[in-house]
Amino acid sequence: MRVLHFCKTYYPDSWGGIEQVIRQICVGTGRLGVSNDVLTLTRHGGPAQLEFEGHMVHRAALNFEIASNAMSLPAIRKLAQLAREADVIHYHFPWPFADMAHFMARVNKPSVVTYHSDIVRQKALMKVYTPLKRRFLKSVSAIVATSPNYLASSPVLTRYKDKTCAIPIGLDKAIYPRPSDEIKARWRERCGERFFLFVGVLRYYKGLHILLDAVAGTEYPVVIVGAGPIEQELKDHAQRLGLKNVMFVGALEEEDKVALLEQCYALAFPSHLRSEAFGISLLEGAMYGKPMISSEIGTGTTYINIDGDTGLVVPPSDPLAFRAAMRTLWDNPQLAAEMGARAEQRYWDLFTAEKMAHNYVQLYRELKLAAGKGIGQVIAPPISP
């Protein structure tokens, strides 16, 4: 079976959460006999195609962007060409250009959309985009939410519940690097023995201003890994607060990131808006056996982190509640260790890449079978929890 993924950004151009999800799907389903291709846009030039971890990445030049909506005329032609060779087309939402390209390329194959997130911020543009979005989601064969929580809480997905299911995102711990003793020692010397860790792109919905406010006037050490559009704004905020216990270390190589995941005391994940639909780095914390602090925003973050079991969940945009949660974990090492152990077990039970890949392969096969029988869509396939 051959599957074509169509996504806005992918390796090696960018290394965000959605890219990690697509990577895990491709590698995992590839082990089960699926041949994966990824069609993506590039702003950096380079080869038109390259092989990455057993699947082929096709790159079309980005022509322009409107409100973060990357667009490419060559990508439409390439989508039409590659779709002819594929059994299933796999889109990754939200990306309005993909909706348009789907119709302009006249894709006529079974199709699935992984619904990563509602569109939260661009409310004015949504009035223009909504008719296209509804037509696109109505036209595809199946829609996948990344957690039962998001499926239940998204006002968009309730319109398409007859063809929507939940397949939780999974990670393969085996493909993460093992940091050398030298790297671990370097970070231990720099960060100390106990610290809270945040990992992610520094975007508006990550709620890092809440985390900074929470640690103001405390001595809890915090290490922030990542770069992004509000990096300088956050550093200025930390300076205004006079924070000496917060360390911005920028974007890191995977080996350095894993070293910090292994050594940190707990994960601090203050995302406060529904744009944070899942939380890959939160799941990485669980995978490495760390207790977590997150906010209740009705998305997959609270499917990963269960309040009082794998960590603590607080109201969004509440620095005092976040500080109290940090104090609880910091003052109770035994509780923190027990929560971390349960977080890791929950990862193994629900969030492995192997489980995710099996569920996607099952869905792909049902889509292909339904197409062969002339059925337009698959009715919410039975997906294991």
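**Exercise 1. In this predicted model, determine how closely the axes of helix α7 and helix α12 approach, at what angle they cross, and which residues meet there.**

Solution. Begin with the axes: those of helix α7 (residues 208-215) and helix α12 (residues 319-331) come within 8 Å and cross at roughly 65°. Next take the hand of this arrangement, for the crossing of α7 and α12 is right-handed. Then turn to the residues, where I210, L211, D213, A214 and V215 on the side of α7 meet P319, F322, R323 and M326 on the side of α12. Finally, follow M326 beyond its neighbours within four places in sequence: M326 contacts L211, A214 and V215, and also F196, Y220, V222 and I293.

**Exercise 2. Find which residues touch the most other members of the largest nonpolar core, and work out where this core lies with respect to the two domains.**

Solution. The largest nonpolar core has 80 residues, and those that touch the most other members are F196, L197, L211 and M326. Since domain 1 (2-172 + 352-372) and domain 2 (174-350) both contribute residues to this core, it lies between them. Apart from that core lies another, of 37 residues, which includes M71, I89, W95 and A145. To complete the picture of the two domains, note that their centres, taken over C-alpha atoms, are separated by 28 Å, and that 24 residues of domain 1 are in contact with 21 residues of domain 2.

**Exercise 3. Establish the strand order and the sense of pairing in the six-stranded open sheet, and identify the helix α10 contacts by asking which strands it lies across.**

Solution. The order of the six strands is β13-β12-β11-β14-β15-β16, with parallel pairing. At the edges stand β13 (246-250) and β16 (311-314), each of which pairs on one side only. From one strand to the next, the twist averages 25°. For a local check, consider strand β12 (residues 222-225), which pairs with β13 in the parallel sense over four bridges; the bridge partner of V223 is M247 in β13. As a last step, place helix α10 (residues 280-287), which lies across β11 (196-199), β14 (266-269) and β15 (292-295) and runs at about 165° to β14.

**Exercise 4. Carry out the analysis for the eight-stranded open sheet, giving its order, its pairing and its edge strands.**

Solution. Reading across this sheet, the order is β3-β4-β2-β1-β7-β8-β9-β10, and the pairing is mixed. The edge strands, each pairing on one side only, are β3 (49-52) and β10 (164-166). The average twist from one strand to the next is 25°. Strand β9 (residues 142-145) runs parallel to β10 and is joined to it by three bridges, with T164 in β10 as the bridge partner of I143. Helix α2 (residues 73-85) packs on the sheet, where it touches β1 (2-6), β2 (35-42), β4 and β7 (88-93), while its direction makes about 165° with that of β1.

**Exercise 5. Locate L62 and list what it touches, not counting residues up to four places away in sequence.**

Solution. First, the position: L62 is in the loop between β4 (55-61) and β5 (64-66). Second, the contacts: with residues up to four places away in sequence not counted, L62 touches L41, T42, R43, A70, M71 and S72. Third, a distance to set beside these contacts: L62 and V34 are 28 residues apart in sequence, and from C-alpha to C-alpha they are 28 Å apart in space.

Conventions. Residues numbered from 1 in each chain as written. Predicted model: local features only at pLDDT ≥ 70, side-chain atom pairs only at ≥ 80, totals over all residues. Heavy atoms only, no water. Pairing = 2+ DSSP bridges. Helix = DSSP H or I, 4+ residues; strand = E, 2+ residues; numbered from the N terminus. Axes fitted to C-alpha atoms, helices over the stretch in contact; angles between N-to-C directions. Contact = heavy atoms within 4.5 Å. Core = buried A, V, L, I, M, F, W, Y, C linked by side-chain atoms within 4.5 Å. Buried < 20%, exposed > 50% of the residue type's maximum accessible area, 1.4 Å probe, protein only. Domains from an automatic or database assignment. Left-handed = near helix turned anticlockwise from the far one by under 90°.
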